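Subject: Structure handover

Hello,

Here is the structure for you to look over. My notes follow below it.

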Amino acid sequence: MTSSRTGAKSAKNARRSLAFALGLGLASAALGAATPASAQTTAAGPAAGQARYAGSAESAAGNKAFFEAVMRSVAKKQAAHPDLKSVTVYYNPSQAPTFRSQISSAASIWNSSVSNVKLASTSGSGDFSYYEGNDSRGSYASTDGHGRGYVFLDYAQNRQYDSIRVAAHETGHVLGLPDHYSGPCSELMSGGGPGPSCTNRYPNSAERARVNQLWANGLAAAVAAAATPAR
């Protein structure tokens with residue numbers, strides 16, 4: 001539940017090191033901590049994880065870029081198939097097998113909370129993907145530099161904090177919500193701000209309303225743009 005990151009260089013490093021982190025995580029029961037950017041093992045205790053919960057202009061911009069990448073992906077499908085009656089965002093959880101249950105629960109929570117968009121699992125090319133591994137920065141949502149989004153779930157952070165809350169929080173970025181670490185536990189996007197004792201997994205009324213608004217008005221504009229031939 002740390003800030004989102006963008007940039008082609010970071011994305012290239014992230015993809016390479018994600019593969020390393022996946023192999024390390026499956027091979028080791030110890031579950032240490034390694035940064036996807038460098039694939040080097042580092043120590044990351046609870047204090048290190050908590051220190052990352054501070055908003056910044058960089059994280060806000062990254063969250064926005066991630067959401068826009070997902071919406072563009074969905075808009076292209078909607079524009080190509082105007083007969084589609086419902087808006088569905090497809091995610092591929094195959095690269096995060098440890099958290100398959102938590103991801104499914106997070107999707108169910110959002111599907112029961114909002115009406116203008118739904119989340120559905122796919123084994124093929126989704127609008128975004130989940131990955132798992134070790135990263136001293138914790139879990140985050142990002143883009144790969146090519147208009148595709150992904151959510152990274154960190155092992156250590158998911159041991160320290162309620163794992164379903166972590167997954168639901170990061171999935172909130174998929175749906176357009178920014179971090180708000182100074183918020184109360186009742187606010188899902190406050191992330192780790194309230195501390196590890198917070199186990200609330202559900203968005204509050206304001207967060208639900210914002211997502212519904214984004215996927216009603218925002219998607220309509222994105223679909224219109226996707227349907228307009230390039231000049």
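Strands E3 and E4 run parallel and are joined by four bridges. E4 covers residues 118-121. Thr88 stands opposite Lys118 of E4. Between the two strands the chain passes through helix H4, and this β-α-β crossover is right-handed. Please keep in mind that the model is predicted.

**Overall layout**

The chain has seven helices and seven strands. From the N terminus, the order of elements is α-β-β-α-α-β-α-β-β-β-β-α-α-α. There are 231 residues, and 48% of them count as buried. Take the contacts with a separation of 6 or more: 65% of these are between residues 24 or more positions apart.

**The core**

Which residues touch the most other members of the largest nonpolar core? They are Val89, Trp110, Phe128 and Trp215, in a core of 38 residues. Seven elements to look at here, each with at least two residues in this core, are H3 (57-80), E3 (88-95), H4 (100-113), E5 (128-133), E7 (149-154), H6 (163-174) and H7 (205-227). H3 gives the largest share, six residues. As a general point, nonpolar side chains in soluble globular proteins tend to be buried together.

Val89 is a good place to start. Leaving out residues up to four places away in sequence, Val89 touches Val70, Val74, Val117, Lys118, Leu119, Ala120, Asp127, Phe128, Val174 and Trp215. Two of the core residues named above, Phe128 and Trp215, are among these contacts of Val89.

**Tyr130 in E5**

Tyr130 is found in strand E5. Is Tyr130 buried or exposed? Its relative accessible area is 2%, under the 20% limit, so Tyr130 is buried. Not counting residues up to four places away, Tyr130 touches Tyr91, Asn92, Pro93, Gln95, Ala96, Ile103, Val151, Leu153 and Thr171. With Thr171 there is also a polar contact between side chains, at 2.7 Å. Tyr130 and Phe152 are 22 residues apart along the chain, yet their C-alpha atoms are separated by 5.9 Å.

**E6 and E7**

Phe152 turns up again here. Phe152 in E7 is the bridge partner of Tyr140. E6 and E7 run antiparallel, with four bridges between them. How do the side chains of E6 point? Tyr140 and Ser142 point one way, and Ala141 and Thr143 the other. All four are buried. In general, side chains in a regular strand alternate between the two faces of the sheet.

**The loop between E5 and E6**

Two residues of this loop are worth a look. Asn134 lies in the loop between E5 and E6. So does Asp135, with E6 spanning 140-143. Asn134 counts as buried, at 1% relative accessibility. Asp135 is buried as well, with a relative accessible area of 1%. The side chain of Asp135 makes a polar contact of 2.6 Å with the side chain of Arg137. Asn134 and Tyr155 are 21 residues apart in sequence, but 5.7 Å apart in space, C-alpha to C-alpha.

**The disulfide**

How many disulfides does the structure hold? One. It joins Cys185 to Cys198, with an S to S distance of 2.0 Å. The link is right-handed, with 90° about the S-S bond. Both cysteines lie in the loop between H6 and H7, so the pair ties together parts that are 13 residues apart in sequence. The two ends sit in different accessibility classes. Cys185 is at 27%, which lies between the 20% and 50% limits, so Cys185 counts as partly exposed. Cys198 is at 4% and counts as buried.

**Asn212 in H7**

Last item. Asn212 is in helix H7. At 17% relative accessibility, Asn212 falls under the 20% limit and therefore counts as buried. What does Asn212 contact, leaving aside its neighbours within four places in sequence? Val114, Ser115 and Asn116.

Best wishes

Key
Residues numbered from 1 in each chain as written. Predicted model: local features only at pLDDT ≥ 70, side-chain atom pairs only at ≥ 80, totals over all residues. Heavy atoms only, no water. Core = buried A, V, L, I, M, F, W, Y, C linked by side-chain atoms within 4.5 Å. Buried < 20%, exposed > 50% of the residue type's maximum accessible area, 1.4 Å probe, protein only. Contact = heavy atoms within 4.5 Å. Pairing = 2+ DSSP bridges. Right-handed = clockwise from strand over helix to strand, strands pointing away. Polar contact = N/O pair within 3.5 Å; in protein donor to acceptor, adjacent residues only side chain to side chain. Disulfide = S-S within 2.5 Å.
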